[in-house]
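Student: I am new to this structure and would be grateful for a close look at a single part of it. Please take one strand and explain its surroundings in a connected way.

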Amino acid sequence: MRIDVLTVFPEEFAALDSGVVGRALQKGVFEVNVVNIRDYSADKHRRTDDYPFGGGAGMVMTPQPIYDAIQAVDPERKARRIYMSPRGRTFDHELSLELAREERILLLCGSYEGVDERVLELCIDEELSIGDYVLTGGELAAMVVINALSRHIDGVLGCSESDEDESFADGLLEYPQYTRPSTFMGKEVPEVLLNGHHAKINAWRMEKSLELTKERRPDLYEKYLKKKDEK
Ligand code: ADE
């Protein structure tokens, strides 16, 4: 899979170079191509923003550098083109699975007060939000999306980091985990986890997942019950 990211803050994506994602990128399991929109500005001062027509606070990203950058990285319109924006569809587990199956995606990161609407109409397929709050730019949102979808790409997680057991894989929150020591500050690890009885351990974990989900995310709990009923 190849992900093209268009941004005026390419240096922020250095955060992708470490950890699990960094290891996968180094191994070539998938590819992230970060493009500086400013490199495509036809303006003599390499400007990428201007005052909004109609007035108002802040600056708006001009269409020309974005249009040209997109044409340069995806001339044949092969990528699923996404603009990171609080106006978009909310990112979730299902969408992370869907995006991980794409051959190519392009993530446009807006900054300032937004992007000229015409370039979105001309070049972008959909908008995507990571939650109901406003960031100063789409860069962190793009990194959240890249991180979450990469976990579903074969070869990104090691065997010991399997994607299967994780929270949301079956729509439930994850059960509590413990490691050594078996007693810490007088607090014991639940007995069932210490006796090596795998069926009992799995049953306990399922029970805890259900309890936690019901208590903390009743919306997910209802969804889970409904899905189970349909099976
Ligand atoms: N850009 C600014 N805020 C955002 C959000 N919540 N999601 C995606 N992109 C954004």
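Tutor: The account below takes strand 6 as its subject and then follows the elements linked to this strand.

The model is a predicted one. Strand 6 spans residues 104–109, and 6 of its 6 residues are buried, so the strand is largely enclosed by the rest of the structure. Its side chains are divided between two directions: Arg104, Leu106 and Leu108 point one way, while Ile105, Leu107 and Cys109 point the other way. Residues of both groups are buried.

Strand 6 is paired with strand 1, and the two run parallel, joined by 5 bridges. In this pairing, Leu6 is the residue that stands opposite Leu108 of strand 6. Strand 6 is also paired with strand 5, which comprises residues 80–90; here too 5 bridges are found, and the strands run parallel. Met84 has Cys109 in strand 6 as its bridge partner. To pass from strand 5 to strand 6, the chain travels through helix 3, and this β-α-β crossover is right-handed.

Strand 1, formed by residues 2–7, leads onward to a further partner, for 6 bridges join it to strand 2 (residues 31–36), again in a parallel arrangement. Leu6, already met opposite Leu108, stands opposite Val35 in strand 2. Between strand 1 and strand 2 the chain runs through helix 1, made of residues 19–27, in a β-α-β crossover that is right-handed.

Helix 3, the helix of the crossover into strand 6, deserves a closer view of its own. This helix covers residues 93–100 and packs with helix 5, residues 139–150, at an angle of about 75°, the axes lying 8 Å apart. An angle from 65 to 115 degrees counts as roughly perpendicular, and helix 3 and helix 5 are therefore roughly perpendicular to each other. On the side of helix 3, the residues that take part are Ser96, Leu99 and Ala100, and they meet Val145, Ala148 and Leu149 of helix 5. Sorted by class, this contact contains 5 nonpolar residues, 1 polar residue and no charged residues.

In summary, strand 6 is a largely enclosed strand, with parallel bridges to strand 1 and to strand 5. Through strand 1 the pairing reaches strand 2, and through the crossover from strand 5 the strand is linked to helix 3, which packs with helix 5.

Conventions. Residues are numbered from 1 along each chain as its sequence is written. This is a predicted model: local features need pLDDT of at least 70, side-chain atom pairs count only at pLDDT 80 or more; totals for chains, interfaces and linings use all residues. Side-chain values use heavy atoms; hydrogens and water are left out. Two strands pair if DSSP finds at least two bridges between them. Helices (H or I, at least four residues) and strands (E, at least two) are DSSP runs, numbered from the N terminus. A crossover is right-handed if, with the strands pointing away from the viewer, the path from the first strand over the helix to the second runs clockwise. Axes are lines fitted to C-alpha atoms, for helices over the stretch in contact, and angles run from 0 to 180 degrees between N-to-C directions. Angles under 35 degrees count as roughly parallel, over 145 as roughly antiparallel, 65 to 115 as roughly perpendicular and the rest as oblique. Contact means heavy atoms within 4.5 Å. Ala, Val, Leu, Ile, Met, Phe, Trp, Tyr, Cys and Pro count as nonpolar, Asp, Glu, Lys and Arg as charged, and the others, Gly among them, as polar. Buried means under 20% relative accessible area, exposed over 50%, partly exposed in between (1.4 Å probe, protein chains only).
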